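Here is a short set of exercises to work through with the model open beside you. Try each task before reading its solution.

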Amino acid sequence: MPEPPHAYITSTGSYLPGPAIGNDEIEDILGVVASKPSRLKKRILASNGIKTRHYALDRHQRSTHQNKQLAAAAARQCLQRAEIDERAIDLLAVASTQGDLPLPGLASMVQSELAIGPLEILTTHGVCSAGMMALKAACNQVRLSEKKNSLVVASELASRLLKKSRYEAATDLRIDLEAEFLRWMLSDGAGAMLVQNQPRWSGLSYKVEWIEICSFASHYDLCMSCGTADQSLWAANITSAAQTSELSWQDYSTYGRAEAAGALLIRQNLKLLEEVVKVGVDGFLKLINEGKIRPGEIDHFVCHYSSHHFKGRILDLLKLAGALIPEDRWFTNLYTKGNTGCASIFIALDELLHSGKLEPGQVVFCVVPESGRFANAYMKLTVAAGRNVSAI
Amino acid sequence: MLSERELTLGANAQETLRHLLSVWLDFERRLSLIPIIRRLEQKTFTPEDYKTLLLNLRPQVIEGSRWISRAASSFTAEFAEVRSLVLRHAVDEHRDYTMLERDFVSVGGSLEEIQSAQRNIGTEALAGYLMSESSKPNPINLLGAMFIIEGLGNKMASRWAGLIQECLGLDDSATSFLSYHGKNDEAHLEKLYELLDGQTSADKTAPEIIKTAKVVARLYLLQLEELGNV
């Protein structure tokens, strides 16, 4: 069977709401919980290295945007830069950790916001890897020649979970590190990509060599979640029936009770985070061992993590095994654009494409580790020259 | 941490090490699903669990010192470097079981009980395999076995010792076996990496080293799955 044609990312766009917010302004936007400035904030910010980020909230914690609007704004920028008319879009794939409404899917809402179609839609739901799931599905549709012009959007509006009233409403529990950690990590933004079956006529595209996604949910407990007051109750060896009738936020008699119990707070199990790095490294080694990537060929390494997460033994061993990607190849805009969950890699690839750093033939390797319940996505791209150049 | 002296490996050894790391990470993941390790990680580990663990580890530690001595005698002079490592290793660890016995007694077990502990069926398989491989001429593939077993000491033992102390309210003196390996296996591993450089050729020895690491990892898991099944 002949190899199906490759998919190309021919245009990108992104959108970050409102002004860039510095570290000392975060609580001006999200609010000061119970009028007591956070004690953990400094430590967490020092470890994630983020300097500025954006929120779709005003200083009174009122929403300035819906998630669908962030997504649509990124999509519009992507389409403005595209060499096709928006009427030619035949698939809209939208990823998010949480849409504006529990139902219908976010893709429906983004489609209506963009006023495009009728067309096929896909909503992927997860945490950080949801964007890569949508992108892979879109690429495969293009490779199968089912679709010609797929628009993929990843959008996050996490700040609605992070405003002070959320924490103040959790009256039944003391806010601990697990519940507070992500308040200083996550922020809002969206990124978009257009996937087609050939490179742009003029300007650079990304050729998608492959995308690999692998989940280890049956091997690990919940590491990042929203919707439960106790992540440990979801452990693989606990039969849920034996535990409690209030496992999910939807089990409580009223949503008010769920909020009071802390079931609507977004949580991160910090002890498990180190395992995310290990799982990420494991997947990377497998790709090398299978010959899908060579560490030496990587010109730009775009990782959803910053390099300082790789410390200690694992770093030593990677170095010894010749699998360490030199620091000068890492590209990140985490420090200025913030951690926007599944949108991060889209926003980073958008900035990289327009950075002037890319040359045709270069290899861009992307890693998106997801700590929710351990799913990692990897992608190899090569930079493709415009057809006007390669035609000569 | 590796020592200050920068160790660099050739391309073949790097490739072997990458495969070994993959084997290790898979092993570590499966290890975390073994009920007794899971209880330790979830901090629902009891003094009975600790005693069970020690009772089941002792026969393997005793067998360990036997296979490693056997392996040393199976290397000819051309493998003198490997033989030195294996010999040193055998000397370092052949009385390890005394620490294990002390730990057992310190949590209220009796010496007679631990000294009469039988091999569980996983230990039988592990010891049988290692003894059989050690008896073959120049069993260079055992570098894979050492990678897993020393890796356990280096990467897990300190962590487990800490968790056991925390769960049971013990101090270092009651986890001397695990604490010792946590501190000392790094040096063994570093030497092992150097040997990989000299001994691996992509075509022949590397696949054998990797396969042996996989078998030992699987049998070690079996040993922990079959606690008390003698």
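Two strands count as paired if DSSP finds at least two bridges between them. Keep in mind throughout that this is a predicted model.

**Exercise 1. Find the strand that pairs with S4 of chain A in the parallel sense over five bridges, and name the residue opposite A:Ala93.**

Solution.
- Step 1: Start at strand S4 (residues 91-96) of chain A, which pairs in the parallel sense with strand S6 (residues 150-156) of chain A.
- Step 2: The pairing of S4(A) with S6(A) runs over five bridges, well within the requirement of at least two.
- Step 3: Look across from A:Ala93 and you reach A:Val152 in S6(A).

**Exercise 2. Place this pair in its whole sheet: what is the strand order, and which strands are at the edges?**

Solution.
- Step 1: Ten strands of chain A make up an open sheet, in the order S5-S4-S6-S7-S1-S8-S14-S13-S11-S12.
- Step 2: The pairing in this sheet is mixed. The parallel sense appears between S4(A) and S6(A), and the antiparallel sense between S8(A) and S14(A).
- Step 3: Strand S5 (120-125) and strand S12 (330-331) of chain A are the edge strands, each pairing on one side only.

**Exercise 3. Follow the bridges from A:Ile9 into S8(A), and then onward into S14(A).**

Solution.
- Step 1: A:Ile9 has A:Tyr206 in S8(A) as its bridge partner. Strand S1 (residues 7-15) of chain A pairs with S8(A) in the antiparallel sense, over three bridges.
- Step 2: From A:Tyr206, go on to A:Val383, its bridge partner in S14(A). S8(A) and S14(A) are antiparallel as well, pairing over ten bridges.

**Exercise 4. Which strands of chain A do helices H4 and H11 of chain A lie across, and at what angles do the helices run?**

Solution.
- Step 1: Helix H4 (residues 106-114) of chain A lies across S4, S5 and S6 of chain A, at about 120° to S4(A).
- Step 2: Helix H11 (residues 270-289) of chain A lies across strand S8 (205-215), strand S13 (363-370) and strand S14 (375-384) of chain A. The angle of H11(A) to S14(A) is about 50°.

**Exercise 5. Inspect the loops on either side of H4(A) for unusual backbone geometry.**

Solution.
- Step 1: Recall the usual case: most peptide bonds are trans, and most residues other than glycine have a negative phi.
- Step 2: In the loop between S4 and H4 of chain A, you find A:Pro104. The peptide bond from A:Leu103 to A:Pro104 is cis, with omega near -5°.
- Step 3: Now take the loop between H4 and S5 of chain A, where A:Pro118 is found. The bond from A:Gly117 to A:Pro118 is cis, and its omega is near 10°.
- Step 4: A:Ala115 is also in the loop between H4 and S5 of chain A. Its phi is positive, near 55°, although the residue is not glycine.

**Exercise 6. Turn to chain B: how are H3(B) and H5(B) oriented to each other, and which residues meet?**

Solution.
- Step 1: Helix H3 (residues 47-74) and helix H5 (residues 96-106) of chain B pack at about 165°, with their axes 10 Å apart.
- Step 2: Angles over 145 degrees count as roughly antiparallel, so H3(B) and H5(B) are roughly antiparallel to each other. Their crossing is left-handed.
- Step 3: From H3(B), B:Lys51, B:Leu54, B:Leu57, B:Arg58, B:Val61 and B:Ile62 meet B:Asp96, B:Tyr97, B:Leu100, B:Asp103 and B:Phe104 in H5(B).
- Step 4: Sorted by class, the residues of this contact are seven nonpolar, no polar and four charged.

**Exercise 7. Repeat the analysis for H4(B) and H9(B).**

Solution.
- Step 1: The axes of helix H4 (residues 80-93) and helix H9 (residues 176-199) of chain B come within 10 Å and cross at roughly 160°.
- Step 2: With the cut-off of 145 degrees for roughly antiparallel, H4(B) and H9(B) are therefore roughly antiparallel. The crossing of H4(B) and H9(B) is left-handed.
- Step 3: B:Glu81, B:Val82, B:Leu85 and B:His89 in H4(B) meet residues of H9(B), including B:His188, B:Lys191 and B:Leu192.
- Step 4: The classes in this contact are four nonpolar, four polar and two charged residues.

**Exercise 8. How many residues does each chain give to the contact between chain B and chain A?**

Solution.
- Step 1: Chain B gives 15 residues and chain A gives 15 residues.
- Step 2: On the chain B side, helix H1 (residues 11-31) gives the most, with eight residues.
- Step 3: By class, the chain B side has nine nonpolar, three polar and three charged residues.

Conventions:
Residues numbered from 1 in each chain as written. Chains lettered and ligands numbered in written order. Predicted model: local features only at pLDDT ≥ 70, side-chain atom pairs only at ≥ 80, totals over all residues. Axes fitted to C-alpha atoms, helices over the stretch in contact; angles between N-to-C directions. Helix = DSSP H or I, 4+ residues; strand = E, 2+ residues; numbered from the N terminus. Parallel < 35°, antiparallel > 145°, perpendicular 65-115°, else oblique. Left-handed = near helix turned anticlockwise from the far one by under 90°. Contact = placed C-beta atoms within 7 Å. Nonpolar A, V, L, I, M, F, W, Y, C, P; charged D, E, K, R; others polar.
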